[in-house]
Amino acid sequence: MSEGASSKQFRTEFRACNLCEAICGLTFKLNGETITGIRGDDDDPFSRGHICPKAVALKDIHEDPERLRTPIVRNGTEWHPIEWDDAFALVATQLAEIVREHGNDAVALYAGNPNVHNFGHLLNFPPVAKLVGSRNIFSASSVDQMPQQLVSYWMFGHQFLIPIPDIDHTDYFLILGGNPIASNGSMMTVPDVAKRLKAIQARGGQVVVVDPRRTETAEIASDHHFIRPGSDAAFLAALINTLREENLLQIADDDKLAGLDVALDAIKALTPEYVAVFTGIAADTTRSIARAFASAKSAIAYGRMGTATQAFGATNQWLIYLLNLVTGNLDRAGGVLPTNPVLPLTGPGTRAGGHGRWHSRVRKLPETNSEIPVAALAEEMLTPGEGQVRALFTTAGNPVLSTPNGNQLDRALAGLAFMVSVDIYINETTRHASIILPPTSALNHDHYDSVFNAFAVRNVTRFNKAIWPRAEYERYDWEIFAGIGSRLAALLEREYRTPRTVRDVVAAAAAHYPGVSFAQMMNAPHGIDLGPLAPSLFTRLQTADGKIQCAPPLLIADIARVEAAVESARNTPEALQLIGRRHVRSNNSWMHNSHRLVKGKARHQLLMHPADLASRKLSDGQTVTVTSRVGKVTIDVVASNELMPGVVSIPHGFGHQRVGVKQSVAAMHAGVSANDLTDETVVDSVSGNAVLNGVPVDISAV
């Protein structure tokens with residue numbers, strides 16, 4: 001049912017879940033305005049009836065009495081309602097005054113992870129940002145996947161020309177720092193991932209996990225190998241060097257490659273024997289993995305949060321791409337290859353990306369794809385002088401919990417002259433806002449998964465119609481951005497683009513896609529399968545010379561830093577290293593106010609190897625203090641053989657003691673924020689991505 005249509009009493013509706021990257025098809029049972037049941041859509045050709053616990057909690061979000069439905073303004077610690085037109089006028093007036101007095105860059109903008117799950121936000125927030133004209137653009141990308149986007153831009157010519165694992169046809173799946181059983185896939189849209197991984201093994205293939213923790217994915221894998229946090233670049237280089245030494249390279253289309261010999265020569269010192277102390281993986285094991293990868297009919301090397309959010313994030317991604325390339329698995333069935341989505345993210349008229357075109361004011365960190373690393377956000381607010389950030393516009397984000405040194409950012413937000421948040425909750429970040437403008441529930445508006453269809457392990461498409469129209473007193477996201485944008489444009493005497501609807505954009509894209517029309521999409525409530533991935537990378541390259549750039553200069557230079565880290569590990573005892581973790585019942589820093597998701601066994605504790613507990617005279621269940629350079633937290637510790645010795649783990653997204661969740665839930669599972677320990681001064685020096693894994697910590701009894 002489209003926006004504005006009337007609802008019937010009892011009916012069934014279908015749409016994809018918008019909470020994570022798997023975009024599983026769902027069946028909604030409805031009684032008027034009430035959701036009576038949510039289950040997997042058996043007729044969705046992509047997700048095949050799969051559902052995870054988060055999807056059922058869509059009911060909790062939609063019906064949550066704490067979800068904001070109309071604008072509120074803050075007076076001290078008190079919140080008061082305000083009419084929509086008055087809210088739009090207030091925001092526009094305040095932002096215009098700050099821009100006139102202090103310049104465009106005095107207003108910073110931050111987009112959180114849920115933006116990418118809402119096409120209305122993706123379409124209509126950027127024009128407002130362009131209207132403001134600030135270079136201080138931040139997002140969750142630089143605590144997540146910015147290394148993948150940057151390396152894709154350098155090597156293939158576009159930040160979103162990202163080869164996707166062909167999981168349904170591969171014979172060997174090497175997973176580094178990824179846990180798709182918990183994440184439901186990431187930078188890889190793959191519903192029902194457990195069955196797909198088991199299918200690899202059922203057809204005689206292997207799933208091999210390399211991770212400092214024996215994750216849920218490692219539990220079902222063919223093999224698991226512990227690796228020291230932050231050492232993946234050395235391990236990947238050692239794999240490639242083994243193949244080169246043993247004449248196992250399989251390089252096709254070498255006329256389409258630029259600088260491959262330069263790349264291979266740059267890493268040649270990182271042999272399995274040389275890096276073993278650093279990685280914690282024996283040289284013989286590294287060589288065995290390399291041979292198995294090269295001998296498989298098809299193979300995939302895939303890395304995610306564990307490889308991206310560490311000191312060598314960009315170099316890791318480069319070496320992952322190189323490993324796939326030199327074994328003939330780049331752009332072939334069963335390897336990694338790009339999707340062919342109905343709504344293209346690459347090609348003419350799309351934003352290819354960029355790097356280093358401007359820098360942050362305080363630390364001179366380079367922009368990547370028009371964003372400044374979010375690790376610099378707090379210092380841009382706290383450091384006086386010309387260009388200081390004095391106002392912040394956030395949309396669907398909670399950076400106090402999700403970015404490094406959350407306590408520092410918490411203090412910085414308290415000192416802003418003005419802050420506006422487009423969000424459905426008062427959370428640890430938005431509690432500092434001067435005004436909060438909430439969009440409707442996701443179930444009240446049309447949606448198309450523009451990004452996740454483009455990262456899918458099959459070519460698929462599904463248009464998601466609104467289940468109900470919005471209430472009279474609510475506003476769609478595009479209405480909020482239009483309300484602010486039109487008024488701000490008038491005050492600043494600048495141009496502002498009229499908002500675009502989801503239907504218009506998808507219809508225009510479908511008109512150019514062979515074999516499917518927008519009318520077919522609108523009449524396919526379960527989605528449409530458009531076939532398996534097919535080779536297209538080499539014909540879609542957007543580099544200046546039409547070749548894959550195998551040796552980006554900044555990545556070649558970064559090998560010296562990897563070698564220095566190897567030498568340091570060979571000569572210096574390592575401190576305890578903190579890593580994150582996630583759970584299928586969590587969704588980054590939110591969803592913890594759904595009782596059905598947080599109930600059951602607690603999962604917010606510190607995990608620590610028994611040997612590390614014993615060496616510090618600590619015991620299982622004890623309350624301990626974890627200290628890093630930036631702060632300390634008090635937390636209960638659980639002895640766990642899941643972790644390799646020397647590594648401890650705190651889950652991402654907890655720490656709700658500040659404000660923002662129901663008190664009953666907060667009392668049960670408030671936990672602590674791992675980002676009260678992560679260090680905003682330590683970033684991947686190439687991409688600027690935050691380092692959330694491999695954080696040095698000390699642990700002691702309370």
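This note comments on one three-stranded sheet and one pocket of a predicted model.

1. Local features require pLDDT of at least 70 and side-chain atom pairs pLDDT 80 or more, while totals for chains, interfaces and linings use all residues. Residues are numbered from 1 along each chain as its sequence is written, and side-chain values use heavy atoms, without hydrogens and water.

2. Three strands (DSSP runs of E, at least two residues, numbered from the N terminus) form an open sheet in the order β1-β2-β3, with antiparallel pairing; pairing requires at least two DSSP bridges. β1 (10-16) and β3 (34-40) are the edge strands, each with a single partner, so one side of each lacks a neighbour in the sheet. Neighbouring strands are turned by 25° against each other on average, direction ignored, with axes fitted to C-alpha atoms.

3. Strand β2 (residues 25-31) runs antiparallel to β3 and is joined to β3 by six bridges. Thr27 stands opposite Arg39 in β3.

4. The second largest pocket has a volume of about 460 Å³. A pocket is an open set of points on a 1 Å grid where a 1.4 Å probe fits, with protein on both sides within 12 Å along at least five of seven lines; lining residues have an atom within 4 Å of a point. The volume is the space filled by probe spheres set on the points.

5. Of the 26 lining residues of this pocket, Ala311, Glu574, Gln577, Gly694 and Pro696 are the closest to its centre. α23 (553-571), β25 (576-579) and β30 (695-701) each supply at least two lining residues, and α23 (helices being DSSP runs of H or I, at least four residues) gives the most, with three.

How values were computed: Axes fitted to C-alpha atoms, helices over the stretch in contact; angles between N-to-C directions.
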